[in-house]
Amino acid sequence: AYVVDVAKPIAPIQPTMYGIFFEDINFAADGGLYAEMIKNRSFEFDTPLMGWLQPASDPFSMNEKSGFASAIKRSEEVANAHFLRVTVKADTGYRLTNTGFRGMGIQERMQYNLTLMARQPEGNTKLHVELIDTTGQVLGKATLTPSGSAWKEYSAQIVATGTAMKGRFSMRFEGKGVVDLDMVSLFPENTWKNRPKGMRADLVQLLADLDPGFLRFPGGCIVEGRTLARRYQWKKTVGDITGREVLINRWNTEFQHRPTPDYFQSFGLGFFEYFQLAEDMGAEPLPILSCGIACQFNTGELVPMDELDPYVQDALDLIEFANGPTSSVWGKVRADMGHPEPFHLNYIGIGNEQWGPEYIARYQVFEKAIKSQYPEMILVSGSGPFPDGEMFDYGWEQLKQMGAEIVDEHYYRSPSWFLENADRYDRYDRNGPKVFAGEYAAQSVAIASPDNKNNWECALAEAAFMTGLERNAEVVHLSSYAPLFAHVDGWQWTPDLIWFNNLESYGTPNYYVQKLFATNRGTAVLPLTEGGKPVTGQQGLYATAAKDAATGELVLKIVNSTATPQELNFQFKGVARLAKEGTLTVLQSDDLEAVNGFAASRNIRPTEQPLSTSGKRLALTAAPYSLSVVRVAAP
Ligand code: AHR
């Protein structure tokens, strides 16, 4: 029998145990969570008209000689240097069309809110703005009349009369003249919490449903940049969106499995928005900052030690931005953005996947500076990616000797590795640093192979591994699957937790594993043994038990990784009796290759049923290839 000792909790399970890793990879931010539909709205991409079709390249344009557009650069500006000058030479015919991020999702009856900055130094040109589908059919339109030589904001609301998965936005100019344009922006009205220029509601809802304990942002490799100049700098991502400097994305690539040379970061989704998102979901914000080393898989550029100050200052100022009084410099920036209350930042990460003596030297400078000013701040240090999957020493020992609080480990490995490593943390020193399993995902083919699938085999292996995370809650304080999001037409890395197109989204089997663990977390881990041993793969079974102090329930998570049903009997020590009835939630498929998809978004999904107990004992059949979650009250 399997024995659960309710009277002897091993350790608290941290509220941060299961969280979210967010990185702008696979069009997760621009083209994804950030609901802006116009690509290159401020003409700041390296090629200033990228994303915009002019008559020569526009299949629906009638007249190539009707005008032209040129990007003009204001030398005194840094963040939003370019604007577009449109010279209209014919009374009709000139148009500019934005193709969106692999098209634009247009939904019938949805209202789309357009804003743009414009002026008209010459002539008398009208601007007809249109939503169009792939055949050129107009799905909604409005007319603007820019006038005068001063910049003004113009807006229009357009209600779509049809649906298009890969729609476009056109500006048709009528009447000769010169029109200047900037910050051409189009958002659906139904953003998350109806915030103007906000986030895609369906995608945030999927995140909120995970009840995440923390939100890690903004990555990932984009924290580091391919070069230091292209690292993520949070100060450039706050304040008015017109002042946020566009940056080439580290995942902008001609060479990856799918070319994405048009991948830039507008930073419309910036640090304020990440903090706000964390707050919306009741998750701890967990920003990761550059430690002065560019991505070690690329240039690995290092900032000299005597030039590290601005990097450290960024960390100190971020703490002030999040928590400081509104009278402080950065606290005021937060307040001016509409959030005078602090964001309650408790954790800050220094560097992503960095290692070696250069990392340790830089981390120590951050640690000293932050701890001397903010001793209560919890620091997350990095440890590299564990390429061989073993206890490859990427500085762990040194971090341990230095008394590091939390070390971030990453592993992208085969499903069998995850099954075999469910006992990984059994061997970790209880008195050493705590673990943040900050990026992990089973790879069905090979790391980041374009052929990887979010199949049930991978999800089940992750579930087995996660029982090991939870059993070791004394050591593991945070964990997150990665990457989080992928646009079906714009990804660079697979597998990913949530897939979306321009209109729809779905959770993978891996998503439902994460959701079941996170929403059945419990507050203290309990001993669960079979023959005196923890259940870490004997007969292909993996299990963990927890107590939920908030509800008075016991929570069991059981993974059967075999093709055979298994009859299991549980006994409970240290508890007078169990409630007569509990619940059994099962995620299961007989087919290890099974996946979810847009047309079958709930192919693999949890099903719930009542479960009877005898008061002291509980029997259940663990179905083949299944994750079972039992909740039963123990009054
Ligand atoms: O999750 C994708 C990438 O994998 C992350 O950006 C990086 O940290 C890791 O190597």
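These legends go with several close-up views of one predicted model.

Residues are numbered from 1 along each chain as its sequence is written. Since the model is predicted, local features need pLDDT of at least 70 and side-chain atom pairs count only at pLDDT 80 or more, while totals for chains, interfaces and linings use all residues.

**View 1. The protein chain as a whole.** Here we have 10 helices and 36 strands; helices (H or I, at least four residues) and strands (E, at least two) are DSSP runs, numbered from the N terminus. The C-alpha trace spans about 85 × 55 × 45 Å along its principal axes. The radius of gyration is 27 Å, which agrees with the value near 26 Å for a compact globule of 635 residues; that radius is taken over C-alpha atoms, and the globule rule is 2.2 Å times the number of residues to the power 0.38. Some 51% of the 635 residues count as buried, meaning that 20 or more other C-beta atoms, placed from the backbone, lie within 10 Å of a residue's own. Of the contacts with a separation of 6 or more, 76% come from residues 24 or more positions apart; a contact puts two C-beta atoms, placed from the backbone, within 7 Å.

**View 2. Around the ligand.** The shell holds 13 residues, and Gly220, Cys221, Glu353, Ala482 and Pro483 come nearest. To be near, a residue needs its C-beta atom, placed from the backbone, within 6 Å. By type, the shell divides into 6 nonpolar, 4 polar and 3 charged residues. Ala, Val, Leu, Ile, Met, Phe, Trp, Tyr, Cys and Pro count as nonpolar, Asp, Glu, Lys and Arg as charged, and the others, Gly among them, as polar.

**View 3. An open sheet of 5 strands.** The order reads 29-28-1-32-35, with mixed pairing; strands pair if DSSP finds at least two bridges between them. Strand 29 (533-534) and strand 35 (617-622) are the edges, each pairing on one side only. Strand 1 (residues 2-5) runs antiparallel to strand 28 (residues 528-530), joined by 3 bridges. Look for Val4, whose bridge partner in strand 28 is Leu528.

**View 4. An open sheet of 3 strands, with a helix across it.** This one goes 24-25-26, again with mixed pairing, and its edges are strand 24 (485-487) and strand 26 (505-507). From one strand to the next, the twist averages 20 degrees. Strand 25 (residues 498-500) pairs antiparallel with strand 26 over 3 bridges, and Phe500 has Ser505 as its bridge partner in strand 26. Helix 1 (residues 201-208) lies across strand 24, strand 25 and strand 26, at about 15 degrees to strand 26. Axes are lines fitted to C-alpha atoms, for helices over the stretch in contact, and angles run from 0 to 180 degrees between N-to-C directions.

Technical notes:
A residue is buried if 20 or more other C-beta atoms lie within 10 Å of its own, exposed if 12 or fewer, and partly exposed in between; C-beta atoms are placed from the backbone.
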